[in-house]
Every structure is written in C-alpha cells, then in structure tokens.
Amino acid sequence: MFRAGSRRTHDKGPAPEAVRLVKVTKTYGSHDSAVTALDGVTLGLGRGTFTAVMGPSGSGKTTLLHCAAGLDRPDSGIVRVDGTELTGGGEAELTKFRRGRVGFVFQQYNLLETLTVAQNTVLPLKLAGQRVDRGRTKEILTSVGLGDRLGHRPDQLSGGQRQRVAIARALVTEPRVVFADEPTGALDTRSARDVLRLLQQAVRAHGRTVVMVTHDPVAASYADSVLFLADGRLAGRLDTPTPDAVAERLAHLGDNAAMEV
Amino acid sequence: MFMLAMRSIRHRPGRFLATLLCAFLGAAIIMTFNSMHDTAAQNGVDSTSAETLSTAAGVVGGYGTLLVFFAVASALTVNVRQRAAELALLRCSGATPAQLKRMVVGEAVVVGLVGAALAIGPAMLGGRMLLEVFQDSGQVTESVEHSFGPIALMTGIDITLLASAGAAFLAVRRATRGHRKRGGARKFLAYAALLTGAVSVSSTFVFSATDAALMAPPAYGAILLSVGFALMAPRLLEGVLDRLPLSGASGWLAVRNLRERAGHLAGILMSLILFTAVATATLTMQAVESDAVEASGLTKSIDAKNLETLNFTVVGIIVVFVCVMLVNSLCAATSYRGREFGQQRLAGATPGQVLGTVGAETVILTVTGVLFGSVAALAGIVPFTVVRGDAVLPGDVYGIGVAVVAVAATATLGTSLVTARRMLRTPAVGAVAVAS
C-alpha cells in the first residue's frame, strides 16, 4: 500500500512536504442524495508549518482532514503523508503507518475513560509495542502542564486539561504531522489559548507539522497560514493571519456560498 | 411517563429484545413446570403420579423464579446503563427520579407482559412433552392427561411481571443514584451464602451412604457457595487481576479495562460462576449416584428416577438459561463499547489489537468464573463421593468438567469476539462520532 515502501526500513528523515493532496474527491451517499464533500482538492503543506483549515459548516473541512490523515478513504486522488502515499491496504496497515508518523487531536478528546492520564498518554507507544519510559511520560505531561496529574482519570479533569492530555498523547510518538479537528471547539477561551500555544510550540520548537480544522478566527490566527474551503473546494489562502482578517475573509466566503445557492 | 415508556418501546423495539427474550424464556419454563401442578390437581390422578408431578413443579418452579429474576435483572441493568445519556437528558428536561422510575418500570412491565403472553403457547407444548417424559419412564401413569390451568398461567405471568418490575426498579434506582459504593447488604449476603454453603456441604458427612436425601446437602451447599462467590464477583476479579502478569499491548489494555469495569462485569462473572458450579456439581453427583446404584445391582426406585429426571431437567434449564443470559449480556455490553473501540483505534490500535484486547478480557473473565465455579462444585462433589463411594474424586468429574468449561468458554469468547468484530466494521471516526 505504501509506494515509497523503502522508508520503512531506513528512514531518511522527514520529507520536504509533510502532506500532499492531489485532486482528492470524496462523495457521501449515493445517487440522488449524494453530497460532494471534497471536489478535486489539490494542496501541499510544507514541513514544520502550522496550517489552519477554515470554511463554513459542510464545506468539507473535516472530510479533508480525515482523508489527509488516512482515517477516511478518498474516492479518487492521491494522498501523501510524509512522502509516503496512502493507497489501499487494510485498516491494520494504515494504523501501523499512522502510529509512527501521525498524531491526532479531536474536539471530543477521545481519551479512554478506563485509563489514567499517564496510561492514556503512553497508549500509542504501548500499542506500537515500544518500551515506555516513566521519566519520559512525566516529562511530556509536564510540558503540557499536567506533571502533577499522572494518576488522574479523564473524568476528573476539566475540558482544557483533557485536551492537553490528548495533545501529549498525540506528540508522544514524535509524529511528523499532527492533525487537529476543532481542538478548541469545546473549550473556554483561556483553555483554548493554552491548547493553541501547545500546538504552536510543537511546530516552532520541535519542527512538527500541524494541520488544524477550526471555525474560530482567533484559533486560526495562531497558525502560520489559513486555507479556506467552500463547497468542497479550496477558496483561498491567507498567510500570517490576524483574527480580523480571517473573520472578514470567512464572511465573504459565506456570501459567495449563499449567492451560488 | 407511561406514554413515554410506550413510545420508547414502539420506536426502539430492538433495545428491548434482550429483556423480552429473558422474560419469554423464563415465563415459558415457569409455566411448563407449573402446569404439572394443574395436571396433578385433576380428578382421578393417583397419588404417586401426583407426587412426582408436584415435586417436579415445586423444585423447578422455585429455581425458575430465581433464574427469571436474575436474567431479567441482568438484561435490564445493561439496558438502563446504556440509556444513561437518555435518562440524564430526561432529568435535565425536568423529569423527577420518581417519573424516570415509573417510565423504566412501566417499560419493563409491558415487555414482561408481552414475554409472558408469547410464552403461553410454547409452555403448553413443553408441558405436554414433559408429561410424556414422565410417562415414558413410568413415573406417571399413562392415563393422566395434561392440563394447562390457572396455576400455570397465574404463576407464569405474576412471577415474570414481578421479576421485571422489581429488577427494573432496582436497576433504575442504581442508575439515578449515580455512582456510590455498594452497601454492606451485598457483602453480608455473600458471607451468609458462603457460610450456609459450607455448613450444608459439611453436613453431608452426617448422612449414611444409602440415605435417599444424601445428594441434597452437597448439591445445595455447592449452589450456595457459588451464589456467595457470585456476589463477591467484582472483588474476586480484582484479586485475580492483581496476580496476573500480562504482557503485550492487548493484555495491558485488557487488564486495565477489566479493573475499571469490574463492577459492570460482575453480572457476566456471576452467570459464569453459577453456571459452572451448578452444572458440574449436579451432573457429577448424578453420574456418581447412577454408577453406585448400578454397581449395587439394585433397580432404581421411582424416587431415584424422579431425582435423576429432575437433576437433568434442572441442569438442562440452567444451562440454556445461563447461556442465553451470558450471550445476551455480553452482546449488549460489547456493542455498547463501539465508541471505546473507536477511541482505541484512533489512538493507534489495529483491529487485531482491539480484538486481542476483547479476547484477553474474555479469557480472564472466563478463567475467573470457571475457577471459582469449579471450587464451589468440588466443595460439594468431594464430600458426596467420599460418603457415597470410596474415591475422593470420581472419574466422571473430568469429562463433565471439561464439557461444562467448553460450553462456557465457547459462549463467552464466541459472543464477545463476534460482537466486537461487528463493531469494528464501522470506521473508527464514525464509531467515535455516533455516541458523542
């Protein structure tokens, strides 16, 4: 399933382009009720960049993220993550690929309720059959400000704290790319700021690539650039965004979409 | 609230299938055996036949009531737990705990009533067949006609309804009270059952080898011991988990999951312990008894035959019932975990690892259940064989034990793995989104 298969045996270091999509199309439903979520999207995201994907509801942001991360299969088109193409293959194969190079952060945290903060954090390592270093666990949780919460359960934490655990979990495998789907969607402004700073830090300090779907112009302003999506197509790009600029652009996107209907 | 109950049944019939199945099976068994009371009460039935029929009805009827209660209670507990979100929503929209209680109990009563009504036909057929069995073995004279009368009908419906309503009441009370430590009542009952069981088993030694009632104390003792163990199920499970060095991601996750969900899994463990203990103890003792009678060259008396028929029927019923219960609750409990499986997959677990975790959990659960069930069974078997025969452990015990364990393992592993596999067909992102 991985055309650049040799990378598995001897890693040549990160590819220059972290994510590459070529003419990716995805349609849900069939016949009359078919909805085109992605309509031939082509884009490339450089290594060590922080990109926000924005657009009105139903514009295909989440589908784009899922396709790029290998959580969903595009109907057609090519998806390349860290230089390796995701084609067919079973879920097991895809999972093993993602485990090493991709991290996820979701709006609903998706922490396992039965595990403690520390256990949740190291779960991806455990699943990959790697040895877990207690010191490293503590270190990574300390870096997200939860060094004193190792033994707590997710339901004993606030939303912001849970999301920080999720970020620690996403970063623990030292992935090349981190995909975040509305990571601040369920958080208050203060917790949201902490989460966004952590994502920013992952890019600035550790050279990871972060792709974040959001509908919040303030959240998007933490990114290096913003990609706008409307009706499953790319509808522009904004570098070094400010909240106001993003909001204005977004408002016009909405106008265009409304006029087309 | 009753209107809401009716609506919720009409629009989500699938959710009530488990409860309905338990109520139906329970009602059918109770009615089948209690129709023996009706048959015995007819004019012109000789006293020997009447006694055989009444004993069968009395013994199995008693067992049946307990089983129905256990089965319906476990199905309803799972049902209520899965609807925690719906119940919370209703509470937020202004439903008082009393109203919620009325809704859940109302649903359970309606489901119980439907189950009992459906059971009438099969119970009539079953009763006729049971009478034929008794007649073929000569325990009941051929001239006796089967009768399905008021006793069968009333007990069947009443017991099913009472069990459903009671079980629903307890389940919803537990749910609306939120998480709280189980009271001392359970602990007290567990110790009481273990103590009486031990006394009962020990009292076997008072009897002589040829006493007709020799089988009763060890059999009841074994059952009581297993009930005691079953009540202590969560703590026993934790004890086993503490002594388990499991490696590998699946094993690691399985142990952590089981530890957290020990309370939830108690129902499944309970059924497993009861099943192993009752089936192994009763079947082995009966086999030893039959061997002993055969060896002495005596022909079996009517009483001995009655006991044999009863033992086999009781075990048969328990096997079927507990299997249905196990499959039921495991299936429901596993399908409830779709979201959790999705989260594991998103965290980097392959489908094989998720199945491995479920498999490891089930194996630990099965081994624990079978272990304590066997301990309870052996506690009854050994005194019996020492008094009745000479050997401490009869040869029969191995074959029967292996068969019982095989049934238990197939039912638990099969159900949870098949259900988990089905859950894995949903893409991970979808599985996580559905419940959120």
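**Figure 1. Where chain B meets chain A.** In this predicted model, 23 residues of chain B are in contact with 23 residues of chain A. On the chain B side, four helices each put in at least two residues: helix 10 (249–260), helix 13 (338–346), helix 14 (351–388) and helix 16 (428–435). Sort the residues of chain B that touch chain A by type and you get 10 nonpolar, 8 polar and 5 charged.

**Figure 2. Chain A on its own.** Here we've pulled back to take in the whole of chain A, with its 8 helices and 10 strands. Its radius of gyration is 18 Å, close to the 18 Å that the globule rule gives for 261 residues, so chain A is as compact as a globular protein of that length. Along its principal axes, the C-alpha trace of chain A spans about 55 × 45 × 35 Å.

**Figure 3. Inside chain A.** Of the 261 residues in chain A, 49% are buried. Now look at which parts of the chain touch each other: among contacts in chain A with a separation of 6 or more, 70% are between residues 24 or more positions apart.

**Figure 4. The two domains of chain B.** Chain B splits into domain 1, covering residues 1–180, and domain 2, covering 182–436. Measure from C-alpha centre to C-alpha centre and domain 1 of chain B sits 23 Å from domain 2 of chain B.

**Figure 5. The domain 1 side of that boundary, close up.** Between the domains of chain B, 22 residues of domain 1 are in contact with 18 residues of domain 2. Two helices of chain B, helix 2 (17–40) and helix 3 (47–82), each supply at least two residues of the domain 1 side. Helix 3 of chain B gives the most to this side, with 14 residues. As for the make-up of the domain 1 side that touches domain 2 in chain B, there are 14 nonpolar residues, 8 polar and no charged.

**Figure 6. Helix 8 of chain B.** This view picks out residues 216–231 of chain B, a helix of 16 residues. From first C-alpha to last, helix 8 of chain B reaches 22 Å, close to the 22 Å expected at 1.5 Å a residue. Don't expect to see much of helix 8 of chain B from outside: the helix is mostly covered, with 14 of its 16 residues buried.

Notes: Residues are numbered from 1 along each chain as its sequence is written. Chains are lettered from A and ligands numbered from 1 in the order in which they are written. This is a predicted model: local features need pLDDT of at least 70, side-chain atom pairs count only at pLDDT 80 or more; totals for chains, interfaces and linings use all residues. The radius of gyration is taken over C-alpha atoms; the globule rule is 2.2 Å times the number of residues to the power 0.38. A residue is buried if 20 or more other C-beta atoms lie within 10 Å of its own, exposed if 12 or fewer, and partly exposed in between; C-beta atoms are placed from the backbone. Two residues are in contact if their C-beta atoms, placed from the backbone, lie within 7 Å. The expected span of a helix is 1.5 Å times one less than its number of residues. Domain bounds come from an automatic or database domain assignment. Ala, Val, Leu, Ile, Met, Phe, Trp, Tyr, Cys and Pro count as nonpolar, Asp, Glu, Lys and Arg as charged, and the others, Gly among them, as polar.
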